[in-house]
Amino acid sequence: MATPAIDPKAVAGRAAADLIPDGAVVGLGTGSTVHFVLLRIAERMRGEGLRILGVPTSLDTERKARELSIPLTTLDDIESIDVTVDGADEIDSRFDMTKGGGGALLREKVVASITKRQIAVVSANKLVERLGTTFPLPVEVVPFARGVVRRALLQLGAEATLRVRDGVAVRTDNGNEILDARFPDGIPDTSAMERAIDRIPGVVESGLFVGLAHVLVIGHPDGRVEV
């Protein structure tokens, strides 16, 4: 009998959820890996009596959390978050990340900015030596400024394309658009690039998460988990 395939996202997501302490305010990230985090949180609530308050980073995560009866709160009612569990599209040896493949980069960065302990959860194929080499950098933009931002990104060395689905520009939960910026040789200085992109009028946020992650949980195809 063939051995069932192991999903590294599943083992990493479940392991990360086990790091959440009782009584915590928890930032709930967005994406396929976080789906497994939410399932494990719900299991712990039923089996261990885990008590948390979740802060979802997208409407999709909010819907999934409510379906699992995970109690939620908002940024209006809290000043800080104890721990956030979220995925990444790329992460380097300094724990700097590229995020936004799921389109929730603005809300994810707001939540990360007030989080005491950010846990990045990835499969091993997300580890890179240099950001921007395997995944384009998402940049959330005001639709009016799309052309201005695209030309400015070109000056920074990136070819930016509008994210489109079914022939229509993708809109974020905030009503903005996303430009996916591809750097031919990756991004050598993530801090400098983040600052440069943030200075472009019309940019809402970039998917560069620099100096925000504290713990990295890596899932492997053989079922191993590294923390």
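Here is a short tour of one predicted model, with three stops to select in your viewer.

**Stop one: a pair of helices**

Start by selecting residues 8–17, which form helix α1, and then residues 32–48, which form helix α2. Turn the view until you can see both axes: they run 8 Å apart, and the helices pack at an angle of about 45°. That angle makes α1 oblique to α2. As for handedness, α1 and α2 cross in a right-handed way.

Now show the side chains where the two helices meet. On the α1 side, pick Lys9, Ala10, Gly13, Arg14 and Ala17. Facing them from α2 you'll find Ser32, Thr33, Phe36, Val37, Arg40, Ile41, Glu43 and Arg44. Colour this contact by class and you get 5 nonpolar, 3 polar and 5 charged residues.

**Stop two: an enclosed space**

Next, go looking for empty space inside the model. How many cavities of 30 Å³ or more are there? The count comes to 1, and the volume of this largest cavity is about 40 Å³.

To find the spot, select the lining: Thr57, Gly103, Ala104, Leu106, Arg107, Glu140, Thr172, Asp173 and Asn174. Sorted by class, the lining of the largest cavity has 2 nonpolar, 4 polar and 3 charged residues.

**Stop three: Lys126 and its loop**

For the last stop, select Lys126. Where does Lys126 lie? Look in the loop that links β6 (115–123) to β7 (137–141).

Leave out residues up to four places away in sequence, and see what Lys126 touches: Ala88, Asp89, Glu90 and Ile91. Then add Ile81 to your selection and draw a distance from C-alpha to C-alpha. Lys126 and Ile81 are 25 Å apart in space, with their positions 45 residues apart in sequence.

How values were computed:
Residues numbered from 1 in each chain as written. Predicted model: local features only at pLDDT ≥ 70, side-chain atom pairs only at ≥ 80, totals over all residues. Heavy atoms only, no water. 1 Å grid on protein atoms, 1.4 Å probe; cavity = no way out; pocket = protein on both sides within 12 Å on 5 of 7 lines; lining within 4 Å. Points joined across faces, edges and corners; volume = space filled by probe spheres on them. Nonpolar A, V, L, I, M, F, W, Y, C, P; charged D, E, K, R; others polar. Axes fitted to C-alpha atoms, helices over the stretch in contact; angles between N-to-C directions. Helix = DSSP H or I, 4+ residues; strand = E, 2+ residues; numbered from the N terminus. Parallel < 35°, antiparallel > 145°, perpendicular 65-115°, else oblique. Left-handed = near helix turned anticlockwise from the far one by under 90°. Contact = heavy atoms within 4.5 Å.
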